Every structure is written in structure tokens, then in C-alpha cells.
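Please open the model in your viewer and keep a selection tool at hand. The stops below are meant to be taken in order, each with something to select and something to look for.

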Amino acid sequence: MDGETFLAKVRDYHEAGWRLAIINVTTIVAAAAPAHGAHGVAAVPTAAPAPDAAPAAETPNLFEIAWGFVKDGTLETIREQIHAGDTVPSISEFFGAAFLYENEIRELFGINVTGIGVDLRGQLYKTATKVPFSHAAIKDRLAKNAAAAPAKHS
Amino acid sequence: MKRTTIPFGPQHPVLPEPIVLDLILEDEKVIDAIPTIGYIHRGLEMMVERVEYTEMGFVVERICGICSFMHGMGYCVSLESIMNVEVPERARWLRLIWAEISRVQSHLLWLGLGADAFGFENLFMHCWRMREEILDIFEQTTGGRIIHSVNRIGGVKRDISDTELAAILARLQKLGAEFKETAKVFGTDPSIRHRLSGVGVLTMEDAKAVDAVGPMARASGIRMDTRLSGTFMYDQIEFEPIVEIAGDCLARVVVRLREVEQSIDIIRQAIDRMPKGEGMPLENKPRGNPTGEVFTRLEQPRGEVLYYVKANGTKNLERFRARTPTFANIPAMIKLVKGSDLADVPQIILTIDPCISCTER
């Protein structure tokens with residue numbers, strides 16, 4: 001599924017009166033972590049290689065993105081796994097409030113989002129690590145935590 | 001016309017927490033507002049990498065000092081859902097009672113701040129005096145005034161005895177009667193009406209377009225309340241969300257005024273309906289490590305909060321995310337600020353009841 005199909009699905013949610021509740025990203029770090037329990041509609045937002053294509057020899061750097069919509073107490077998600085470096089289209093066109101989530105995922109996860117309604121140009125958060133939820137940053141911290149494991153931290 | 005840019009915040013008399021809006025003005029009219037947050041971003045979500053899931057609930061509580069109970073509750077409910085832990089009935093009722101007390105506390109705090117911002121020092125003091133009493137109730141029942149730490153995965157840590165509950169209810173009802181007098185001032189004082197009425201109007205269409213939540217949406221005529229889904233014992237409570245249609249700053253104040261009284265009534269119903277007796281089970285301890293994921297929604301004082309928890313069978317969660325109501329209401333705030341007069345900006349920002357600590361985690 002390409003970006004256009006994804007945006008068409010988002011448009012359907014918008015036209016059916018759903019509310020954008022969350023755009024959540026999970027950095028997949030653990031080796032061979034399948035998207036267990038994933039439900040909802042899948043979409044590949046860009047022409048990126050399909051995430052469920054034959055697994056490469058080494059674990060690719062993947063992010064799982066969930067766009068969550070709520071209507072009458074029900075939450076549904078559109079989910080997709082993308083590779084680090086892939087581009088995701090903004091849904092600001094349909095959901096004006098999306099810009100805040102999209103700026104956030106760009107700053108904290110380093111995911112490129114094209115066409116953000118209000119581009120905050122990296123001004124949303126001030127973090128010590130440049131992209132704190134990138135694969136490299138997380139692996140680095142996990143290694144440090146493992147090294148410091150015997151001493152119980154506060 | 002020449003444009004002027006004025007930074008609003010991070011320090012400002014009406015803001016208890018830091019946020020910046022770069023206001024772009026033409027004469028006295030705001031043409032655009034560009035938000036910057038991040039002054040109190042603590043990276044709490046990242047802490048799942050080194051804090052075990054059993055202890056993470058206490059970190060989550062510290063996201064914010066006003067909704068601390070409900071953050072802890074949301075985290076525990078999420079883990080209970082992943083781990084299929086059945087929470088004892090009395091514990092579920094106790095959570096509801098503490099959650100509603102939190103709502104009263106939060107609204108009183110905000111009404112005080114609001115009063116202070118539009119120049120009513122005395123009203124501010126009355127609201128905060130009443131809030132102190134609520135904090136006393138928290139201290140008496142949980143041991144903490146701000147951080148309560150009574151939520152455990154699988155239940156709650158402490159019971160409130162039936163006699164204590166009756167005393168708390170009597171105290172709240174007395175407080176409710178006093179609050180009616182204060183609420184009258186908010187509702188009828190001509191200078192308050194003059195300051196807030198017709199200012200910062202968010203129409204129902206606009207509120208839907210920017211996905212506003214909580215009192216912000218309800219003040220614009222949207223009947224939206226996560227409690228309506230009936231989870232966490234709310235299915236056994238009779239209540240109707242408080243909805244106002246004006247959508248202005250005054251309507252947002254009135255929604256919160258009425259919600260204080262409504263929450264006291266919900267607590268009364270809960271105390272009536274919960275199973276009575278001493279020594280009832282309060283906790284079912286989970287076993288092993290969690291595997292799976294869940295989205296949890298709760299109605300906090302500021303609106304819908306959404307938690308995402310993903311666990312991979314280890315002691316550390318793979319991902320924890322809290323989308324707080326203020327985060328969802330910032331687009332609405334920006335929409336309102338655009339086109340308003342510079343002098344009205346503080347009122348508009350304040351009436352969304354911004355909680356920046358929550359927003360930034």
C-alpha cells in the first residue's frame with residue numbers, strides 16, 4: 001500500500017467523524033521483534049520497501065507507527081512498520097491537530113514527516129541527546145544500563 | 001501594517017509552568033502564535049529502559065503533581081489489562097473515589113489560578129483554601145498530599161474504612177455547600193462576566209476540527225467524556241457530562257464549576273454502591289513479566305488521557321507513552337489565540353487549563 005492509499009484511509013476516518021487521539025511511535029530494538037498483537041488497518045505510507053518483505057540477514061532498524069482514532073469510545077489504529085530513514089506523509093490536511101504529534105516524532109525519533117501543517121523546525125523539545133529514541137541512542141543507553149546493572153540505581 | 005513579535009512566556013504572571021508562544025502581532029491583534037515547549041521535558045517515557053515495570057508506576061505518577069493519582073491509575077490499569085489481572089471490586093471503587101477527589105482538587109486549583117489571573121485575589125484564596133481540605137483528605141487516606149503511590153498493578157495499597165468514607169463524604173458535602181457560594185461569584189460577578197464572556201470563542205466545529213478534549217470540548221457543546229464508556233465502575237454511576245454551548249472563556253469556567261459539584265455527587269454514589277466491610281481483598285498480585293500491548297483511555301480533570309504500553313516479556317517495558325489532555329488541547333489553544341487581542345491572550349491560555357509538565361513528560 002502506498003502513501004496515497006494511506007492518506008485515503010485517513011481521509012475516510014476524517015469524513016466518518018473520527019477524532020485523532022494519538023500518533024505513537026515505537027522504536028523496535030529487540031532482535032526479530034514481530035509486531036505482535038497488531039490490529040487495525042495496515043498501511044505503508046510511502047514507497048518504502050514493504051516491512052513484511054523477506055527478513056534481511058541482519059535486523060533492520062524499524063519503527064512502528066500507530067495513528068489512533070477515536071469515535072464513540074472506540075479506538076482504532078492504522079499501523080505500519082517503517083525503516084529508519086523512510087519518509088511518512090503528514091496527515092495535517094485532515095487532522096489539524098496532527099502537527100504536534102508529527103513534530104514530536106520527528107524530533108524524538110528522527111522520522112521524516114513531509115508537509116507538516118505547522119513546522120516547529122525542531123523547537124518543540126530541548127533534549128540532551130539529539131534524537132533520543134533513535135536506534136543508535138537506545139542501543140547506546142541499553143548497553144550503558146547493562147554495564148551499570150550490578151549497582152542498583154535510584 | 002508592520003508586524004511585531006512578542007514572546008509570551010516562559011515566565012509570565014498567569015503561567016505556573018513554562019511555555020513560550022511567539023505572538024506575531026499587527027497592532028493589538030494576534031496574527032500567529034508559534035509554541036515552544038520543552039523547558040520541563042524530563043524524558044520520563046525513556047525511563048522504562050532502566051526502571052522495571054513494577055516500579056515504573058511510581059515514576060508515571062510524577063509526570064504531574066495535579067493528576068498524579070490518575071497517571072498512576074492509568075499505568076496500573078494498562079498493565080492489568082496486558083497481564084489479565086482481575087482487580088478486586090472494592091479496589092476499583094476506591095480508585096474511582098480517589099480519581100474524583102483528584103478532579104475536585106484539580107478544578108479548585110485551576111479556578112483559583114483563573115481567579116488570580118483575572119484579578120480576584122480573594123477568590124483565588126477561597127478556592128485554594130478549599131483545595132487544602134481536599135489535600136488533607138488525600139493525606140489522611142493515602143499518606144501523601146501530592147504524590148499518593150496507592151496504586152499497585154492489580155489493585156490499591158490501602159483501604160479507606162467505611163466510617164472514614166462516611167466522614168469524607170460529609171466533609172466533601174459541607175465543602176460543596178461552601179463552594180456553591182464561591183461558584184456564585186464566578187457565575188454572577190459582572191466584572192468576571194465582562195472579562196470572560198465572549199472572549200476566546202471556540203465553536204463546536206472548530207473544537208472538532210482541532211480534536212479538543214475534556215472541559216475544553218464540553219464547553220463548546222460536544223458531549224464527550226471518557227467516563228461515558230462505563231469502564232472503571234462508571235457504568236454503575238448515574239451522571240451526565242456537563243456541556244455548555246457558548247464555547248467562550250466563561251463557558252470553560254462554568255463547566256469546571258459544575259464538574260466540582262458533579263464529582264462530589266459521583267463520590268456519594270460510589271460510597272453508596274461499593275461493597276461494605278473490613279478486610280476485603282484490595283489487590284491481586286500479577287505473576288511473571290508482561291507481554292503484549294494496550295491503549296488505555298481515562299478522563300482526567302483536563303480531559304482524555306491516553307496511555308500506550310508495549311511489553312516484551314522482560315522486566316522493562318518496550319515502550320510507554322502518555323498522551324495527556326493538554327497535549328491534545330494545544331492546537332485548540334493556538335487556534336483561539338490567533339485573531340484574539342493581545343490583552344485576552346492570558347485568559348485564553350489559562351482557560352484551557354494547561355498542564356505543561358503533563359504535556360512534556
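Begin by selecting strands E6, E7 and E8 of chain B, which form an open sheet in the order E6-E7-E8 with antiparallel pairing; please keep in mind throughout that this is a predicted model. E6 and E8 of chain B stand at the edges and have a single partner strand each, so one side of each is left without a neighbour in the sheet. On average, and ignoring direction, neighbouring strands of this sheet are turned by 10° against each other.

Next, show only E7(B) and E8(B), two strands that run antiparallel and are joined by six bridges. Within this pair you can pick out B:Lys310, whose bridge partner in E8(B) is B:Arg319. Then add helix H2 of chain B, residues 68-83, which packs on the sheet and touches E6 and E7 of chain B, its direction making about 145° with that of E6(B).

Now bring chain A into view and select the contact between the chains, to which chain B gives 29 residues and chain A gives 26 residues. Which elements give two or more residues to the side of chain B that touches chain A? They are strand E6 (291-300), strand E7 (303-312), strand E8 (317-323) and helix H10 (325-337) of chain B. If you colour that side of chain B by residue type, you will find 12 nonpolar, seven polar and 10 charged residues.

Stay with chain A for a moment and display its three helices and six strands, which run α-β-β-β-β-β-α-β-α from the N terminus on. Of the 154 residues in chain A, 36% are buried.

Return to chain B and display the whole of it, with its 12 helices and eight strands. Its C-alpha atoms fill a box of roughly 70 × 45 × 30 Å along the principal axes, and its radius of gyration of 21 Å agrees with the value near 21 Å that a compact globule of 361 residues would have. Buried residues make up 53% of this chain.

For the last stop, select the largest nonpolar core, which has 150 residues, and look for B:Ala332, B:Met333 and B:Val337, the members that touch the most others. Helix H3 of chain B, residues 89-117, provides the largest share of this core, with 14 residues. Finally, centre the view on B:Val337, which, leaving aside residues up to four places away in sequence, touches B:Leu21, B:Val30, B:Ala33, B:Val345 and B:Ile348.

Technical notes:
Residues numbered from 1 in each chain as written. Chains lettered and ligands numbered in written order. Predicted model: local features only at pLDDT ≥ 70, side-chain atom pairs only at ≥ 80, totals over all residues. Helix = DSSP H or I, 4+ residues; strand = E, 2+ residues; numbered from the N terminus. Rg over C-alpha atoms; globule rule 2.2 N^0.38 Å. Buried ≥ 20, exposed ≤ 12 C-beta atoms within 10 Å, placed from the backbone. Core = buried A, V, L, I, M, F, W, Y, C linked by C-beta atoms within 7 Å. Contact = placed C-beta atoms within 7 Å. Nonpolar A, V, L, I, M, F, W, Y, C, P; charged D, E, K, R; others polar. Pairing = 2+ DSSP bridges. Axes fitted to C-alpha atoms, helices over the stretch in contact; angles between N-to-C directions.
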